[in-house]
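Me: I want to learn how to read a structure by its features. Can you take me through them one by one?

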Amino acid sequence: MHSNKAAIDSLQLTKAYRSNDPPAVADLTLKIEAGCVFGFLGPNGAGKTTVLKMLLGLTRPSSGKALLFGRPIDRPHSRERVGYLPELFRYPPWLTPREVLDYHAALAGVPHAGRMTEIERVLSMVGLASRAADRTGTFSKGMQQRLGLAVALLGHPRLVFLDEPTSALDPLGRVDVRDIVRGLRDESTTVFINSHLLTEVEQLCDRVAFFRKGRIVADGSIDGIVGSSRGVRIKLDTQANGVATNALRAFGQVRIDGDTIALSEITTAQVPDAVAALVARGMRIRAVIPLSRTLEQRFLELMDDKC
Amino acid sequence: MLTIALDTIREVSRRKFAPAAIALTALVTILTGWGFWSLARLHTANGRPLSFVEVRSTTAFLVIFGAFLFSFVLAFGGAIISAPLLSTDLESGLLLPVLARPISRVSFVAGKAAALIVVIGIYSAVTAFLQLFAVRLTTGYVPPHPFAAVGALWMLATVVLAFGLALSVQLPALASSLIAVTAFGVSWMVGVVSSFGIAYHNAMLIRVGILSQLLVPTDAMWRFAVYQLEPVAMLGHNGGFGPLGPFSVVSPPPIAMVWWTVAWIAVVLTVAAGAFSRRDA
């Protein structure tokens with residue numbers, strides 16, 4: 001095992017549901033430092049939810065070990081100040097959100113004195129304050145997912161697991177979730193996001209791991225995974241010409257197409273100088289667009305069966 | 001455990017079990033009162049009112065018959081409220097965020113079981129004593145040991161409840177409740193058959209009856225209850241059927257059977273908690 005200060009520290013964590021089948025999760029060794037926003041990416045059926053359930057003590061590993069903040073995952077106290085939004089979220093339809101949260105606050109050990117304040121805090125965070133007295137049975141899927149998020153955020157957790165946290169949300173809800181996750185990062189809360197929505201992960205995560213057929217196939221920062229910039233595309237407000245080519249030749253390969261200049265092999269640090277060179281020659285610039293691989297492109301490469 | 005238990009009691013009340021039980025109990029109490037009031041004023045074909053002894057003996061038998069039907073209600077109730085609590089709620093996603101809290105699965109099952117045992121105990125006591133009060137009010141009859149009888153019926157319901165809860169670790173609600181109720185029914189049938197063994201001094205039938213009572217002690221608890229409700233003069237009368245059948249016993253099961261039933265419930269719930277602790281969510 002690595003250090004006991006990591007938020008999550010697993011060593012060869014394995015889960016095989018049937019002895020003859022390949023394991024759903026195989027030898028997962030993963031260390032996530034406290035305060036990290038971690039994106040766990042993979043196609044459906046890759047085993048992401050199984051990993052999350054093992055870490056939360058919901059599913060028993062076949063072999064291997066894992067610790068949450070230094071505590072073994074088979075002990076209930078490893079889940080103190082840990083929040084969880086399941087992919088399959090459902091809350092008792094006979095309760096109101098306030099009652100659901102009160103129940104979870106009691107289970108989570110939130111002190112009775114400040115419990116109502118805490119409940120109101122998370123309700124307003126997820127935008128459910130005005131529906132706090134309605135039965136959850138009347139809620140849409142999106143509202144239930146918001147309630148699930150409120151449950152996960154109760155008691156200022158130091159580690160939050162979010163399994164497909166925006167699957168039922170409209171675009172406004174997704175923006176809210178992004179803001180909440182950014183807020184958690186500002187508070188140094190560790191966030192573990194299971195998702196196959198790559199745009200969200202790209203916007204939120206400090207680190208991502210690609211998971212395929214029960215194994216991690218890539219792990220690192222988004223820049224590290226995607227690779228460095230492959231150039232920029234510069235749009236002018238007039239047609240580009242030989243003057244532009246001469247101005248930019250020193251920075252890399254130049255290709256002109258109408259009002260657009262494609263400049264490859266330029267480093268990120270050189271981009272301001274290239275723009276300044278064009279401006280110095282009297283050209284007006286409408287846009288500078290980085291030519292980098294997206295997380296989605298990298299995902300598709302890594303998930304390709306031939307890889 | 002207390003938080004889980006209180007939430008379970010709230011669930012039972014919110015899921016309309018409690019309002020339905022209250023409404024049905026009120027209705028049955030009114031009908032019981034009306035029925036026994038009519039009985040006390042019955043006349044024979046030649047216009048003679050029933051004698052005191054006739055009213056008392058008929059009332060005593062009908063109280064036992066009512067308790068017999070009530071034991072079915074309790075068994076069905078125990079099975080139905082316990083059956084969806086583990087597997088079904090886990091697979092529907094309802095329990096995932098709960099079990100991800102810093103609580104042990106054993107305390108979760110213990111909280112659920114404790115709440116249901118209390119709920120079914122309150123229901124048994126309130127319903128039974130309301131019926132007996134209606135009987136007392138209309139006919140003046142009080143069975144010999146009503147508290148012990150109600151206690152035995154409560155244990156009968158708890159046996160079915162514990163069994164249903166244990167089955168619900170792996171099985172869906174319908175299968176769990178069906179198996180638990182079937183076990184209760186089979187135990188009851190074997191009890192009837194073994195009464196023939198007692199009547200005809202057949203050692204094998206008696207042994208089968210004892211084995212059945214040890215495996216699923218609901219019939220033993222029923223026989224314990226019926227003995228507490230029988231006036232001494234009616235022992236073994238069984239509405240004219242003698243010692244055959246479920247409505248009369250000459251002697252109750254030994255008191256050790258009560259302790260066996262308590263131990264049986266404890267063991268089954270312990271097995272349920274252990275199995276649930278090992279179950280993947």
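What follows is a short dialogue on a helix, a chain contact, some salt bridges and backbone angles.

Reply: Keep in mind that this is a predicted model. Pick a feature.

Me: Start with a helix. Which residues of H10(A) are buried?

Reply: Helix H10 of chain A covers residues 295-303, and its buried residues are Leu295(A), Phe299(A), Leu302(A) and Met303(A). Now look down the axis of H10(A): the buried residues fall within an arc of 90°, so they line one face of the helix.

Me: What do the buried residues of H10(A) pack against?

Reply: Two helices and three strands of chain A. The helices are H6 (198-204) and H7 (222-226). The strands are S3 (37-41), S9 (207-212) and S10 (215-220).

Me: Next, the chain contact. How many residues does each chain bring, and how much area do chain B and chain A bury?

Reply: Chain A brings 30 residues to the contact and chain B brings 26. Between them they bury about 2,800 Å², with 58% of that area on carbon and sulfur atoms. On the chain B side, Arg14(B), Arg101(B) and Pro102(B) supply 25% of the area buried against chain A, more than any other three residues.

Me: How many polar links are there between chain B and chain A?

Reply: Count salt bridges and polar contacts separately. There is 1 salt bridge between chain B and chain A. Lys15(A) makes a salt bridge with Asp280(B), with the closest N and O atoms 2.6 Å apart. Polar contacts between the two chains come to 11 residue pairs.

Me: Which helices of chain B supply residues to the side that touches chain A?

Reply: Helices H1 (2-14), H5 (96-99) and H11 (255-278) of chain B each supply at least two residues. H1(B) gives the most, with 6 residues. By type, this side of chain B has 10 nonpolar, 5 polar and 11 charged residues.

Me: Now salt bridges in general. Why do such pairs form?

Reply: Side chains of opposite charge can pair when their charged atoms come close. Over all chains, the count here is 20 salt bridges.

Me: Which partner does Asp21(A) have, and how exposed are the two?

Reply: Asp21(A) forms a salt bridge with Arg18(A), at 3.6 Å between the closest N and O atoms. Asp21(A) is partly exposed, at 37% relative accessible area. Arg18(A) is exposed, at 58%.

Me: What about Glu33(A)?

Reply: Glu33(A) meets Lys31(A) in a salt bridge, 3.7 Å from N to O. Glu33(A) is partly exposed at 43% relative accessibility. Lys31(A) is partly exposed at 24%.

Me: And which parts does the pair of Asp259(A) and Arg286(A) tie together?

Reply: First the distance: the closest N and O atoms of this salt bridge are 2.8 Å apart. Asp259(A) lies in the loop between strands S12 (253-257) and S13 (260-264), and Arg286(A) lies in strand S14 (residues 285-290), so the pair ties together parts that are 27 residues apart in sequence. Arg286(A) is exposed, at 53% relative accessible area.

Me: Last, backbone angles. What is usual for phi?

Reply: Most residues other than glycine have a negative phi. Arg81(A) has a positive phi of about 55°, although it is not a glycine. Arg81(A) sits in the loop between strands S5 (71-72) and S6 (82-85) of chain A. Its relative accessibility is 47%, so Arg81(A) counts as partly exposed.

Me: Where is His156(A), and what is its phi?

Reply: His156(A) is in the loop between helix H4 (141-153) and strand S7 (159-163) of chain A. Its phi is positive, about 50°, though His156(A) is not a glycine. His156(A) is partly exposed, with a relative accessible area of 40%.

Definitions and conventions: Residues are numbered from 1 along each chain as its sequence is written. Chains are lettered from A and ligands numbered from 1 in the order in which they are written. This is a predicted model: local features need pLDDT of at least 70, side-chain atom pairs count only at pLDDT 80 or more; totals for chains, interfaces and linings use all residues. Side-chain values use heavy atoms; hydrogens and water are left out. Buried means under 20% relative accessible area, exposed over 50%, partly exposed in between (1.4 Å probe, protein chains only). Helices (H or I, at least four residues) and strands (E, at least two) are DSSP runs, numbered from the N terminus. The arc is that of the directions from the helix axis to the C-beta atoms. Contact means heavy atoms within 4.5 Å. Buried area is the accessible area (1.4 Å probe) that two parts lose on being put together, summed over both. A salt bridge is a side-chain nitrogen of Lys or Arg within 4 Å of a carboxyl oxygen of Asp or Glu. A polar contact is a pair of N or O atoms within 3.5 Å; within protein, one must be able to donate a hydrogen and the other to accept it, and residues adjacent in sequence count only if both atoms are side-chain atoms. Ala, Val, Leu, Ile, Met, Phe, Trp, Tyr, Cys and Pro count as nonpolar, Asp, Glu, Lys and Arg as charged, and the others, Gly among them, as polar.
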